[in-house]
Amino acid sequence: MNSSRHDALLATKTGRISLLLNHLSSFPTPVIYLIGIVAGLIGVSSFSPFHFWPAYFITIVVYGLLVMTSPTAKVACYRGSSVALGFFSGGVSWVFVSISEYGQVGNLIAVVITLGFIAVLTLFWSFSAWLGWHLSRKIPQLPSGFAIGLGLLIGEYLRSHLFTGFPWLLPGYAIQDTWLFELLPIGGIWLTSALVILTSVSLAALLARQANHWSVWLSVLSLWGVAAALHFSPMQWVSPVGELKATLIQGNVSQDEKWLSQTARTSLAEYQQTTIEHLDSDLVIWPETAITYLYPQIRPHLESFIEELSQSNTSLITGIPDKNIETGQYYNAIWATGNGFGLYYKQRLVPFGEYIPLASFIGPILDIFNMPIAGFLPGEANQPALQVGEWAAAPFICYEIVYSEQVRNMVRDSDFLVTISNDAWFGASIGPWQHLQIAQFRAKESGRFVLRATNTGVTAVINERGEIHAQAPQFEKTSLTSQVRLYNGTTPYVQWGNLMTLALLALIGFLCLLAPSKRAHKPASKN
């Protein structure tokens, strides 16, 4: 096929797509919303455990097309909401498992609470669609695709920070199996998220025959090129400084029996016995709240065990609840003992799981439904790393590993990362696999090994490249022993954070604003 014929065929196909988009508003409204919901559902398959990375790009292309062809901001808001509804319904459906099976509220109320949670997440995309539509209309110098993409990125940032934030299923997590994964040490999850969105909305603008600015395409293509170069010629951002042998113990204790007194005694004895069998390891890690007794109560009873650990030069890191005897306040903690020391209090608590937001208003409502809610308090920021022999470990409890900024702030003075969790709350759902994937991104961003010990899985050792170095089977009582390399130094992301992403977006916006407006918008039809 010669070049002219190929160009003509491409123009014909693009023209047909453009014609279809021009008639989109004539489709019945339920059909348009159904398209959005299906597109959102498709995007979930980009994330773990499915790893079909093109799917999320399809989701955002459809989102961009639906928003940029909307006649009014209200219509754009509804259309964006439909995509979000499909995406979050499929992506965080695992929340239902924990509420239904362990919330003691029954399936009906669990469905209501899960739908409410999905609705809250959807609202951020509703706002994004509304904002993107207005930016594209009020600032005509901004290409519509860039404006809509910027709106979505702002919405995702707000979702990650407001009301303690829920930075789960961010756009950048969809690219684990692509070259873009190599950009994480440079700009972190927000650089990859920005690039995924900019790539997708640029494709949407191309399909809709919307004008785009050269700076957008240049940035997108350049970053893909840099990622490809790093993929084939990797850079070593950090330096190895040592090695240790670590054993991660997976107790596989049933969630509904975990806090019973008889189970507490039995599981603690089993953890101790398994640890004694691995005293040749430099470090042994137990999962989140592996010890269900309070720290002040259990420490005196473990003195002989701690002495045995010290004599074998073995450090133990375990999850344990703590109580301040003077104030009566409770904390979710990590304790390092044996040939190590330190006590870390969890900073990021799970709303409605570890504390009640607006407790004076919401608490009485939850009492009606007989919902058991823990009353933990958050630990202070800037807590020191845990000491493991001569090495330092940055600690994170469960949900905290999803906060890239918290990890970035704590990793500077550490040689490796430890995250403990109890994903038994989410059963055999996709939740634990998404959680593992997030931990892989933190390893890649920081250039550190991540040791992830969980109650039921997925227990794993992740190397500094974000790859699974060793992994234990899920839902088995087992242990995982692996050699762990230790690193110092900082990646560009750890050093500079999100400055590169902000500079990139600001530069694109500035260059667009310098260009004369090429778009004239007619008054929006109310139909």
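**Exercise 1.** Does His51 count as buried, partly exposed or exposed, and what is its relative accessibility?

*Solution.* Before we start, note that this is a predicted model, where local features need pLDDT of at least 70, side-chain atom pairs count only at pLDDT 80 or more, and totals for chains, interfaces and linings use all residues. Residues are numbered from 1 along each chain as its sequence is written, and side-chain values use heavy atoms, with hydrogens and water left out.

Step 1: recall the cut-offs. Buried means under 20% relative accessible area, exposed means over 50%, and partly exposed lies in between (1.4 Å probe, protein chains only). Step 2: apply them. His51 has 29% relative accessibility, so this residue is partly exposed.

**Exercise 2.** Find the sign of phi for His51 and for Asn382, then place Asn382 in the structure.

*Solution.* Step 1: most residues other than glycine have a negative phi. Step 2: phi of His51 is positive, near 65°, and phi of Asn382 is positive too, near 60°. Step 3: Asn382 lies in the loop between helix H13 (359-368) and strand S6 (386-388); here helices (H or I, at least four residues) and strands (E, at least two) are DSSP runs, numbered from the N terminus. With a relative accessible area of 76%, Asn382 is exposed.

**Exercise 3.** Work out how the rings of Phe166 and Trp168 are arranged, then look at the pair of Phe166 and Tyr399.

*Solution.* Step 1: learn the rule. Rings of Phe, Tyr and Trp (its six-membered ring) pair if their centres lie within 6.5 Å; planes under 30 degrees apart count as stacked, over 60 as edge-to-face and the rest as tilted. The rule gives 24 aromatic pairs. Step 2: the ring centres of Phe166 and Trp168 are 5.8 Å apart with planes at 10°, so this pair is stacked. Step 3: Phe166 and Tyr399 are also stacked, at 6.3 Å centre to centre and 25° between the planes. Because Phe166 sits in the loop between helix H7 (144-161) and helix H8 (184-207), and Tyr399 in the loop between strand S7 (391-397) and helix H14 (404-411), this pair ties together parts that are 233 residues apart in sequence. Step 4: zoom out to the aromatic cluster, whose members include Phe166, Trp168, Tyr399 and Tyr403.

**Exercise 4.** Locate the cis peptide bond that leads into Pro49.

*Solution.* Step 1: most peptide bonds are trans. Step 2: the bond joining Ser48 and Pro49 is cis, with omega about 10°. Step 3: Pro49 lies in the loop between helix H2 (29-43) and helix H3 (54-68).
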